[in-house]
Amino acid sequence: MRLLSDFPRVSLGCFPTPLVALPNLSRMFGKRLYLKRDDMTGVGLGGNKVRKLEFLLADAQNKGASIVMTTGGAQSNHAMLTAACCGRLGMQAVLLLKDRGVSQEVGNVYLDHLLGAEVVLMDTDDYRVIYEEMARRKTAYAKEGKLAYEIPLGGSNALGALGYVECFRETMAQCAALGIHPDRMVSAVGSGGTYAGLCAGADLYAPDVKVTGVAVDSEPFAQICTQLKAEISGLLELEHPLNGNNVELFDNVGAGYGIPGQEEKEAVELMAREEGIFLDPVYTGKAFSLLLRKLRAGEFQEDETIVFLHSGGAGGLFAIPFPGK
Ligand SMILES: *Cc1c(COP(=O)(O)O)cnc(C)c1O
C-alpha cells in the first residue's frame, strides 16, 4: 500500500482549512451542523480544486510541463484556480472553455484574465470536441519544444481525487479534536472527483460515516464514483478494494447545470444571513438547498451530526444570476 504522503505534491493552499460549527442553523434545525471551509483553501477565491491541483501540478512539474491545459464551463471555478496555481508555479495556463452560460467578462472569466491565463472560448456543448482541440494543441506545442500537461474536467481523475481522500482524513482529525463524530458528510457533485475522494477516504478512515453527494449535473455519478474509486485503489496499491457502504447520491440538478432556482437562492440567503458565509449558485447552493429540504422534512436522526463541505465557487455569485431580484 502507498500512503498519500508517498505522492509528489506541491504546496499551494493553506491547510488544514477550518472546520466550524454553524450555531444558528444548528439551533434552527435541532441538529449539529458543521461546515468544512474548503472555500478557504487560500488560492484565488478558494475552493476545492486547490487540493486536487497540489497533486496534479506536481505531476505536471515532474514531467517537465511548461503549459497546463484544462477545460470546463465558461464560469469554471476549476479553470480559474488552475490559472491561479499555474501562475504561482511559473507555468502557462490555457483554458479551453465551453462558450455556454455566462462567458462575458464577469465572474471567473474576468478573474481568468486577471490571472494571465489564455482563455479559448469554444462554441460547442460537447467535451469530446474540446479534448480533440486539446490534443491538437498539445502536438502543436510539442513542435515548439513545449510540453503541455492536460488536466481533465474538474481535475477529476484518480490523482486529483487523492486531494479529497486527504480532506476526509483531515476532517476526521478535526472532528476527533472537537470530540465529535459525524454521521454524514455532504458534498456537491459536479465532475465526481471530490465525491469519489471523500467516499474512498471514508472507506479507509471511517466507514461508518455516510458520504452524501448532491449531483448538480446530469451524469451517471454512481458509475463515475465506482470507477474513480477503483482507480484510486489502484493508485494506492490497496490489497482490498474500496467497497464500503457509505455512498448515498441524490440529484438536485433542478433547471439544469449552472441554472439556480428560487430554492437555491433561499439556501444561499439563509447561510449568508444566519452565519455570514457565502455559498455559490452552481454547486454549494444546490447541495445545501437539498440538505435544507431533508432537514425540514425531518429525514435525519434526532441528534445527527452533519458536516457540509463548502467547496468554494464565490466567483459565480458575480456572474450567475438568481431568479427574480
Ligand atoms: C468543481 C466544484 C465542485 C464539484 O467538485 P467535483 O470534484 O467536480 O465533483 C463543487 N463546488 C465547487 C464550488 C466547485 O467549483
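The following legends describe close-up views of the ligand site and the pockets in a predicted model.

**View 1. Residues around the ligand.** The ligand is surrounded by 15 residues, and the closest are Lys49, Lys52, Ser191, Thr194 and Ser311. By class, this shell comprises 2 nonpolar, 11 polar and 2 charged residues.

**View 2. Polar contacts of the ligand.** Oxygen atoms of the ligand pair with polar atoms of the protein at three residues shown here. The side chain of Thr194 places an N or O atom 2.7 Å from a ligand oxygen. At Gly192, a polar backbone atom lies 2.8 Å from an oxygen atom of the ligand. For Asn77, a polar side-chain atom is 2.9 Å from a ligand oxygen. Of the 380 Å² of accessible area that the ligand has on its own, the protein covers 98%.

**View 3. The largest pocket.** The ligand takes up the space of the largest pocket. Two elements, α2 (49-63) and α7 (193-205), give two or more residues to the shell around the ligand. The volume of this pocket is about 660 Å³.

**View 4. Lining of the largest pocket.** The lining consists of 37 residues, with Leu153, Gly154, Gly190, Ser191 and Gly192 nearest the pocket centre. Elements that each supply at least two lining residues include β3 (67-73), α3 (77-89), α5 (127-143) and β7 (184-189). The most is given by α8, with 5 residues. The lining divides into 11 nonpolar, 19 polar and 7 charged residues.

**View 5. The second largest pocket.** This pocket has a volume of about 230 Å³. Its lining has 13 residues, and Arg100, Gly101, Tyr257, Gly258 and Ile320 lie nearest the centre. Here 7 lining residues are nonpolar, 5 are polar and 1 is charged.

Technical notes:
Residues are numbered from 1 along each chain as its sequence is written. This is a predicted model: local features need pLDDT of at least 70, side-chain atom pairs count only at pLDDT 80 or more; totals for chains, interfaces and linings use all residues. Side-chain values use heavy atoms; hydrogens and water are left out. A residue is near a molecule or strand if one of its heavy atoms lies within 4 Å of it. A polar contact is a pair of N or O atoms within 3.5 Å; within protein, one must be able to donate a hydrogen and the other to accept it, and residues adjacent in sequence count only if both atoms are side-chain atoms. Accessible areas come from the Shrake-Rupley method with a 1.4 Å probe; for residues, only the protein chains shown count as cover. On a 1 Å grid over the protein atoms alone, a cavity is a set of points where a 1.4 Å probe fits but cannot get out, and a pocket is an open set with protein on both sides within 12 Å along at least five of seven lines; lining residues have an atom within 4 Å of a point. A molecule sits in a cavity or pocket if more than half of its atoms lie within 2 Å of its grid points. Helices (H or I, at least four residues) and strands (E, at least two) are DSSP runs, numbered from the N terminus. Ala, Val, Leu, Ile, Met, Phe, Trp, Tyr, Cys and Pro count as nonpolar, Asp, Glu, Lys and Arg as charged, and the others, Gly among them, as polar. Grid points are joined across faces, edges and corners, and a volume is the space filled by probe spheres set on the points.
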